[in-house]
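User: I'd like a close look at one part of this protein, with the surroundings explained in plain terms. Please walk me through it once the model is up.

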Amino acid sequence: MKIHKLLIFALLVASGASSCKKVLDNVDENYAVAGQIFNDSTLAVLNLNVLYDSNLPSWAGVNSGSAITNPSGLSDEAYNDNKFFRGTISNNDVGDIGTAVNVSNNYGKIRLINTFIRDVNAGTLPAGTKNRLIAQALFFRSFRYFDLVRLYGGVPLVLTPLQAVGDEAKDAALLPRNKTSECIAQITRDLDTCIKYLPKKWAGTADWGRITAGAAAAFKGKVLLTYASPQFVTNEASDPNNPATIVERWEKSYTANQEAVSLLTAYGWKLAASYDNMWFTEVNNPEAVLVTGYNNFNTATSKNNGYDNSARPSYLGTGGGGYQPTWELVKSYPMLDGKAPGTSTRYVYSDQNFYKNRDPRFDKTIAYNGANWPIIGNQNYRLWTYFVNNRTVEPGTASSTGFYCRKAIDPTVLQNNVIYSGTDWMELRYAEVVLNLAESAAATNRLQEAYDNLILIRARAGIEKGTDNLYGLKAGMSQTELINAIMYERQIEFAFEGKRFWDLRRRKLFSTVLNGKIRTGKQFNLVTSGAPASLSTSPYVGRDALSTDQVYTYMTILPKTLDNGYTINWKDEYYFFGIPTSSIANNPKIEQTRGWGGSFDPQL
């Protein structure tokens with residue numbers, strides 16, 4: 001979003017639409033004014049821009065609520081101490097459902113969306129204009145309900161702008177939970193409307209970042225993929241979610257994702273040529289299917305992403321190393337031939353030389369001790385995270401894992417300007433749509449199609465083709481093996497993009513992948529005996545001239561426990577979180593979820 005992301009609030013004020021914001025805050029009391037606004041296409045679009053600004057997710061897909069604010073730290077790719085992994089979550093810890101009509105929570109956002117739809121319908125704009133405006137709002141309503149459903153299962157479906165509890169319409173606002181299947185059906189209906197009425201591609205650069213028919217189709221594919229996944233499935237023969245129904249769900253997921261790929265491809269979306277540089281192309285980025293726009297200005301209307309500053313080491317910005325890869329992630333990357341570490345006959349893996357001959361995405365994602373990391377305009381910058389006599393050589397706070405994330409960190413931004421970084425966030429990349437199709441194809445026994453789409457991702461990554469043209473994939477994989485290979489590919493392709501937590505959850509993999517384990521890092525200690533002075537004596541003059549291999553001959557690499565005092569204990573009931581006590585008190589018709597003291601079945 002190149003233009004309207006900069007001007008949303010400035011235009012609201014400049015057009016006299018400070019009253020617009022007031023109307024949006026309190027629509028019913030000012031409906032006459034709203035009627036005037038929605039007879040004017042410019043003012044209607046400005047109000048639509050507010051929906052974009054308040055609903056598009058921020059970095060790593062964080063889009064609402066109080067709990068899932070750091071998805072990377074809730075998986076095996078990064079670390080933070082949390083109740084989810086300690087097994088101590090209560091039904092009040094995931095409060096994303098909200099109790100007040102407030103634009104900071106899902107139902108507050110949904111009310112604003114419903115109000116917009118109502119007022120556009122009541123206005124006098126041409127039918128085609130109305131359809132495009134409403135379709136964009138419907139996308140965000142589907143986005144909000146998907147967020148709720150993947151957290152809680154079925155929730156009350158509110159499709160009109162109801163008043164807050166306590167007003168004269170109190171009884172109308174007290175709605176029970178709809179079934180999960182009903183919520184999914186409503187989400188897909190809304191998205192079908194989007195696909196029907198939205199442009200395949202917006203005409204001008206000023207509209208870059210607006211929802212397209214292809215984005216709606218891709219999101220529909222993601223919704224149906226999630227709904228077909230084990231999180232939403234039970235194998236009880238008497239249950240509506242029996243295996244025969246699941247086959248039908250996967251077929252719908254396959255059809256939706258196939259439609260999304262076809263639609264996007266026909267209008268110019270594709271895998272970007274460069275895995276790392278794709279983040280720094282804004283307008284007409286072929287990889288960006290659903291994108292949140294940011295800018296790098298330091299003005300009252302600027303919208304900076306915050307990620308860049310918080311991810312890089314503190315001494316290369318003003319934040320500091322908030323996305324630190326675990327050793328488990330570092331070790332998981334394939335070798336250059338696409339084989340898992342320890343299984344390649346071409347490239348020998350060792351923990352001491354973990355950085356050698358890895359999948360090219362490794363060096364584009366993981367910043368490690370001794371790595372060349374072009375940053376702050378310095379093409380020859382070397383990162384150092386080792387210890388000398390138990391003291392870190394890092395100028396600032398030492399990395400807790402021994403590693404940093406370098407994905408999507410702009411190498412050209414100078415240190416003092418990092419806080420203003422404007423790199424756009426791609427919530428849905430074309431690569432994800434391809435892998436969604438691959439998984440749906442594998443689940444419906446279209447195994448060759450699953451292979452073909454996996455190969456597209458690996459070829460773009462730069463993995464070697466091999467004599468069999470399989471880019472390291474095992475030949476003749478079964479359906480289960482292919483799905484496992486796709487989940488592995490997603491782990492690597494989308495590292496630090498907020499996908500891993502949701503993938504582990506929808507596939508119900510926490511018990512097999514993480515439970516009973518601890519996350520670890522590494523500490524790189526210099527063996528001072530015989531080490532060059534450039535490595536052991538501050539100010540380390542000449543250190544950068546040493547090769548990484550030379551450096552590691554003087555290093556011992558020691559394990560570092562991150563999950564101190566406990567092993568990961570994700571519980572089965574966390575696959576659908578409990579409804580907060582405050583939400584039930586606010587609306588007694590809401591039934592608590594099974595496993596949290598209630599009988600509502602989120603799989604129905």
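Which residues does Glu439 touch, not counting residues up to four places away in sequence?

Analyst: Happy to walk you through it. A word on the ground rules: this is a predicted model, so local features need a pLDDT of at least 70 and side-chain atom pairs count only at 80 or more, while totals for chains, interfaces and linings use all residues. Residues are numbered from 1 along each chain as its sequence is written, and side-chain values use heavy atoms, with hydrogens and water left out.

Beyond four places in sequence, Glu439 touches Leu225, Ser229, Trp250, Ile486, Met487, Arg490, Arg506 and Arg507; a contact here means heavy atoms within 4.5 Å. Glu439 itself sits in helix H14. Helices (H or I, at least four residues) and strands (E, at least two) are DSSP runs, numbered from the N terminus. Glu439 is also buried, at a relative accessible area of 0%. Buried means under 20% relative accessible area, exposed over 50% and partly exposed in between, using a 1.4 Å probe and protein chains only.

Let's follow some of those neighbours outward. Arg490, one of the residues that Glu439 touches, makes a salt bridge with Glu432 at 3.7 Å from N to O. A salt bridge is a side-chain nitrogen of Lys or Arg within 4 Å of a carboxyl oxygen of Asp or Glu. Arg490 lies in helix H16 (residues 479-493) and Glu432 in helix H14 (residues 430-443), so this pair ties together parts that are 58 residues apart in sequence. Both partners are tucked away: Arg490 counts as buried at 3% relative accessibility, and Glu432 is buried at 2%.

Met487 and Arg507, also on the list of Glu439 contacts, take us to the largest pocket. Its lining has 34 residues, and Ile483, Asn484, Met487, Arg507 and Leu509 lie nearest its centre. The pocket encloses about 890 Å³ of space. H16 gives the most to this lining, with 7 residues, and the elements that each supply at least two residues are H11, helix H13 (327-332), H16, helix H17 (500-506) and helix H18 (510-513).

Arg506, another Glu439 contact, leads to the largest cavity, where Arg150, Lys222, Trp502, Asp503 and Arg506 lie nearest the centre of a lining of 15 residues. Helix H7 (127-152), H10, H14 and H17 each give two or more residues to that lining; the largest share, 4 residues, comes from H17. The cavity's volume is about 140 Å³, and the structure has 7 cavities of 30 Å³ or more. As for the terms, the search uses a 1 Å grid over the protein atoms alone: a cavity is a set of points where a 1.4 Å probe fits but cannot get out, a pocket is an open set with protein on both sides within 12 Å along at least five of seven lines, and lining residues have an atom within 4 Å of a point. Grid points are joined across faces, edges and corners, and a volume is the space filled by probe spheres set on the points.

Lys222, named above at the cavity, brings in a further salt bridge, with Glu427 at 3.9 Å from N to O. Glu427 lies in strand E6 (residues 425-429) and Lys222 in helix H10 (residues 213-228), so the pair ties together parts that are 205 residues apart in sequence. Glu427 and Lys222 are both buried.

Elsewhere, Arg460 and Glu287 form a salt bridge whose closest N and O atoms are 3.0 Å apart. Arg460 lies in helix H15 (residues 447-461) and Glu287 in the loop between helix H11 (243-266) and strand E1 (288-292), so parts 173 residues apart in sequence are tied together. Arg460 is buried at 12%, and Glu287 at 0%. This pair belongs to a network of salt bridges whose members include Asp359, Arg361 and Lys407. The structure holds 37 salt bridges.

Finally, confidence. pLDDT is the predictor's confidence in each residue, from 0 to 100; the protein averages 90, and 90% of the residues score at least 70. Over residues 1-32, however, the pLDDT is below 50, although this stretch has 61 contacts in the model beyond near neighbours in sequence. Residues 165-171 also stay under 50, with 5 contacts beyond four places in sequence. Where pLDDT is low, the predicted coordinates should not be read in detail.
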